[in-house]
Amino acid sequence: MMRRPKKVAPPKGKLGVLTPGMGAVTTTFIAGVELIRRGQAQPVGSLTQMGTIRLGKRTEKRSPEIKKFLPLAKLDDLVFGGWDIFPDDAYRAARNAGVLAEKDLEQAKPLLSSVKPMKAVFDRNYVRRLEGGYVKKGATKWELAQQLREDIQNFKAKSRVSRLVMIWCGSTEVHLKANRIHRDLKSFEKALKANHEAISPSMLYAYAALQEGVPFANGAPNLTVDIPAMVELAQEKKVPITGKDFKTGQTLMKTIIAPGLKSRMIGLRGWFSTNILGNRDGEVLDDPESFKTKEESKLGALEYILQPKLYPALYNGFCHKVRIHYYPPRGDNKEGWDNIDIFGWLGYPMQLKVNFLCRDSILAAPLVLDLVLFLDLAQRAGLRGIQEWLSFYFKSPMCAPQLYPEHDLFIQLTKLKNTLRWLRGESLITHLGTEYYD
Ligand SMILES: NC(=O)c1ccc[n+]([C@@H]2O[C@H](COP(=O)([O-])OP(=O)(O)OC[C@H]3O[C@@H](n4cnc5c(N)ncnc54)[C@H](O)[C@@H]3O)[C@@H](O)[C@H]2O)c1
């Protein structure tokens, strides 16, 4: 069993946040942090900033704020850097993304325009709908990974941060299957030198981060850090990793509704989900190969939550379809429709319709913030490898090979909060509660 860390090192100095991909999510995150720091906005959607945690018995009435309970880095100590295939600074990129209103953009402008991307490692074979010239050159993938390592070292020295976290907010790459070269670190490094096609650009960033001792989170559904070679490297370098694919709109709703239906033993015949989306992410996902990566990530949740093998009469053979349509007029403001065919007592059919008019990057930005702060905490606590307690944030949570991923949002939250209690030596909460009636 993993031993509880004796102490968590304090968050001394600045924390650098490195984002491969400086598009809609990254710029909305940076601008938001700046507006919050200036007291012009509230950190809505962020558990680290707004959440509380109950400790001990209910009668003790101890529910501190999470940010006071744990030594998290302060928003004032965050410093931003990143890479993109376009040379636009974060202000121009935020303008192009079209998420934020003029007044918010202008207030965050001094900071945003100071965040200039570094040249990306990019290959169109992995993201076919994009073309950008702001990219590194190198004879092999190994060489490109070394250049990324130098970028990380230079950023650290120049910005005088004491710690770093990297979070992939780049585009969704084409679907890659597990390959034997992903099996262990030795095979992976050999393949880097041989320019193997099963290594995508996002893997080079993750490899560089882990080699530099930098925790890594993956906001997209690409394999990236979810392969045995990276888990091995993370263990060896004593670095925490987590992923994959931010759980924001439709899948968030799915993992809220499905556990509810199952808890009442309500059956499911089918779940049809469709979306219209008009941002650059939507354009990339219009390529069937990138969509396949996303589709796999979106489809998994229901199967795991409903457990058809345990409940064949309720969930065997239910039909699950997910569609995303690129529809430019909507920009970042996605609209999702879910038609859910359910059945109740005596098998009588019913329907549930969900129409979610959401804003993709507004939902994703607080997740980036929480993941950055929690990964930095994990690093200072000496936790390494896969951080399953951060499943709460992902559509395809990473977990140990012998486990199935936990998708139920409420179990994920309990796991997350119990991990925080465990880190501080507080008793875990089981919700048994018999002691109140003795
Ligand atoms: N917003 C959400 O709700 C949400 C939810 C889940 C996952 N995601 C994922 O998060 C990622 C970012 O979303 P977004 O809306 O900001 O997309 P975006 O298209 O606005 O930004 C992605 C940026 O990554 C850059 N990029 C692509 N490949 C790169 C590379 N190899 N190196 C450096 N930069 C690269 C692109 O040029 C672009 O600027 C996407 O993969 C998306 O699927 C977003």
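**Helix packing and the ligand shell**

In this predicted model, Ala-206, Leu-210 and Gln-211 of helix 8 meet Met-230, Leu-233, Ala-234 and Lys-237 of helix 9. Sorted by class, the residues of this contact comprise five nonpolar, one polar and one charged. Helix 8 covers residues 201–211 and helix 9 covers residues 228–237; their axes lie 9 Å apart, and the two pack at an angle of about 15°. Because angles under 35 degrees count as roughly parallel, helix 8 is described as roughly parallel to helix 9. The crossing of these two helices is left-handed.

A second arrangement involves helix 1 and helix 5, whose axes come within 9 Å and cross at roughly 95°. The two helices are therefore roughly perpendicular to each other. On the helix 1 side, the contact is made by Thr-27, Ile-30, Ala-31, Glu-34 and Leu-35, and on the helix 5 side by Asp-104, Leu-105, Gln-107, Ala-108, Leu-111 and Leu-112. Seven nonpolar, two polar and two charged residues make up this contact of helix 1 with helix 5.

Helix 5 (residues 102–114) also packs with helix 4 (residues 90–97): here the axes come within 8 Å and cross at roughly 140°. That angle makes helix 4 oblique to helix 5. Helix 4 contributes Ala-90, Tyr-91, Ala-94 and Arg-95 to the contact, while helix 5 contributes Leu-105, Lys-109, Leu-112 and Ser-113. In this case the classes are five nonpolar, one polar and two charged residues. Leu-105 and Leu-112 of helix 5 thus appear in the contact with helix 4 as well as in the contact with helix 1.

Attention can now turn to the ligand. The ligand is surrounded by 35 residues, and the closest are Gly-21, Gly-23, Val-25, Ala-220 and Arg-280. By class, this shell holds 19 nonpolar, 11 polar and five charged residues. Several elements each supply at least two residues of the shell: helix 1 (24–37), strand 2 (78–84), helix 11 (280–285) and helix 14 (360–380). The largest share, four residues, comes from helix 14. Helix 1, described above for its contact with helix 5, is thus also one of the elements that help to line the ligand.

Where does the ligand shell lie relative to domain 1 and domain 2? Domain 1 (15–246 + 361–423) and domain 2 (250–357) both give residues to the shell, so it lies between them.

Conventions:
Residues are numbered from 1 along each chain as its sequence is written. This is a predicted model: local features need pLDDT of at least 70, side-chain atom pairs count only at pLDDT 80 or more; totals for chains, interfaces and linings use all residues. Axes are lines fitted to C-alpha atoms, for helices over the stretch in contact, and angles run from 0 to 180 degrees between N-to-C directions. Angles under 35 degrees count as roughly parallel, over 145 as roughly antiparallel, 65 to 115 as roughly perpendicular and the rest as oblique. Two residues are in contact if their C-beta atoms, placed from the backbone, lie within 7 Å. Ala, Val, Leu, Ile, Met, Phe, Trp, Tyr, Cys and Pro count as nonpolar, Asp, Glu, Lys and Arg as charged, and the others, Gly among them, as polar. A residue is near a molecule or strand if its C-beta atom, placed from the backbone, lies within 6 Å of it. Domain bounds come from an automatic or database domain assignment. A crossing is left-handed if the near helix is turned anticlockwise from the far one by less than a right angle, and right-handed if clockwise.
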